Amino acid sequence: MIGAAAVALIVAIGLMLIRVLLGPTLYDRVLAVNSMGTKIVLFIGVLGFVLGRPDFLDISVLYALINFVSTIAILKFFRYRSFQVPLMRRTAPRRTVQGGDDE
Amino acid sequence: MTGYEGADLAIALINVVLLGLLFVIGVAIARMRSLFAIVMLSGVYSLISATWFVALDAVDVAFTEAAVGAGISTALLLGAMLLTSRTAKPEPRAMRIVPLFAVIAVGCMLVYATIDLPAFGDPDSPANTYVGTAYLERTPEDIGVPNIVTAVLASYRGFDTLGETGVVFAAALSVILLLGFGERSLSASLRKKTDKKG
């Protein structure tokens, strides 16, 4: 049963990879990479139970943290074109995103 | 020990699948021209190789790979992309063939080198015969963490790890001091220059 879950997660990772490879816009790729990270977190958790070592669950939680922070960093970078901008702003930010073609 | 054999088969299958994914990503990185897609794919590459390290039981290496490869280096590459263009220039065909031969030659050398290595998990290999066995025997009563490598890194060689952390911190600090940050940083001054031009 857990093995089937692992296979399903691998298939999902493959589908996300196809979206990263083909993805026409920047946001398709960011979203695909983010959900791929989520699938990998789940896969490491499942892998621990397949191999009979549930210690892997702690590692997968740490991976979830890294995945979240890096996605925020990428999106912030493409909104402000710099990392040295506070996320909360009083004035409306100027739009400098050039990657989204479909907007 | 049938359960152990089943786990072995599962690990072998997982290794093959993960290495196949890594191969696909590597070929895609070599063929793509959009730098943003390449940065994203290299992040995915390190994430999947970190998963592979977890499957091979090298948890500490996997965690370093995930933090440095997927987290920090993606951010650094995006920052570098800000200073250049968004697409790579297409290369002439002759320039593509030379690296192909270099890669094939290095790959053949690496495969040749692995023939001499002891098998994975071999109890008679040099790593498992001298001081390694002492660590394996003493860790459960000395420290009591499930991962031996963590025990060696953080406790038996704690001062060594502390020194390494100090060196990495000093290196990061000097890079930040050299490149600057905020309004006076290198990227901000370059951006001002391009804004004036445009």
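In this predicted model, 33 residues of chain A are in contact with 43 residues of chain B, contact being heavy atoms within 4.5 Å. Residues are numbered from 1 along each chain as its sequence is written, and chains are lettered from A in the order in which they are written. Because the model is predicted, local features need pLDDT of at least 70 and side-chain atom pairs count only at pLDDT 80 or more, while totals for chains, interfaces and linings use all residues; side-chain values use heavy atoms, without hydrogens and water.

**The A–B interface**

Chains A and B bury about 3,200 Å² between them. Carbon and sulfur atoms carry 79% of that area. Buried area is the accessible area (1.4 Å probe) that two parts lose on being put together, summed over both. The interface of chain A and chain B has 1 residue pair in polar contact, both residues at pLDDT 80 or more. A polar contact is a pair of N or O atoms within 3.5 Å; within protein, one must be able to donate a hydrogen and the other to accept it, and residues adjacent in sequence count only if both atoms are side-chain atoms.

Three elements of chain A give two or more residues each to the side that touches chain B: α1 (2-22), α2 (26-50) and α3 (56-80). Helices here are DSSP runs (H or I, at least four residues), and strands are E runs of at least two, numbered from the N terminus. The largest share, 11 residues, comes from α2(A). By class, this side of chain A has 24 nonpolar, 5 polar and 4 charged residues. Nonpolar covers Ala, Val, Leu, Ile, Met, Phe, Trp, Tyr, Cys and Pro; charged covers Asp, Glu, Lys and Arg; the others, Gly among them, are polar.

**Side-chain pairs**

The count over all chains is 3 aromatic pairs. In one of them, the ring centres of Tyr63(A) and Phe63(B) are 6.4 Å apart and the planes stand at 35 degrees, so the pair is tilted. Rings of Phe, Tyr and Trp (its six-membered ring) pair if their centres lie within 6.5 Å; planes under 30 degrees apart count as stacked, over 60 as edge-to-face and the rest as tilted. This pair crosses between chains, from helix α3 of chain A to helix α3 (residues 59-83) of chain B.

Over all chains there is 1 salt bridge, meaning a side-chain nitrogen of Lys or Arg within 4 Å of a carboxyl oxygen of Asp or Glu. Asp142(B) and Arg138(B) form a salt bridge at 3.4 Å, N to O. Both lie in helix α5 (residues 131-142) of chain B, 4 residues apart, about one turn of the helix. Across the interface of chain A and chain B, the salt bridge count is 0.

**Annotated spans**

An unreviewed UniProt entry marks transmembrane regions at residues 6-23, 30-50 and 56-78 of chain A. For chain B, the UniProt annotation (unreviewed entry) gives residues 6-28, 35-54, 66-85, 97-115 and 165-182. Such annotations may be inferred rather than shown by experiment. The table gives some of these spans.

| Span | End C-alpha distance | Helix | Strand |
|---|---|---|---|
| Residues 30-50 of chain A | 30 Å | 100% | 0% |
| Residues 56-78 of chain A | 33 Å | 100% | 0% |
| Residues 66-85 of chain B | 27 Å | 90% | 0% |
| Residues 97-115 of chain B | 28 Å | 100% | 0% |

UniProt also lists "domain: MrpA C-terminal/MbhE" (unreviewed entry) at residues 124-179 of chain B. That span is 77% helix and 0% strand, with its end C-alpha atoms 50 Å apart.
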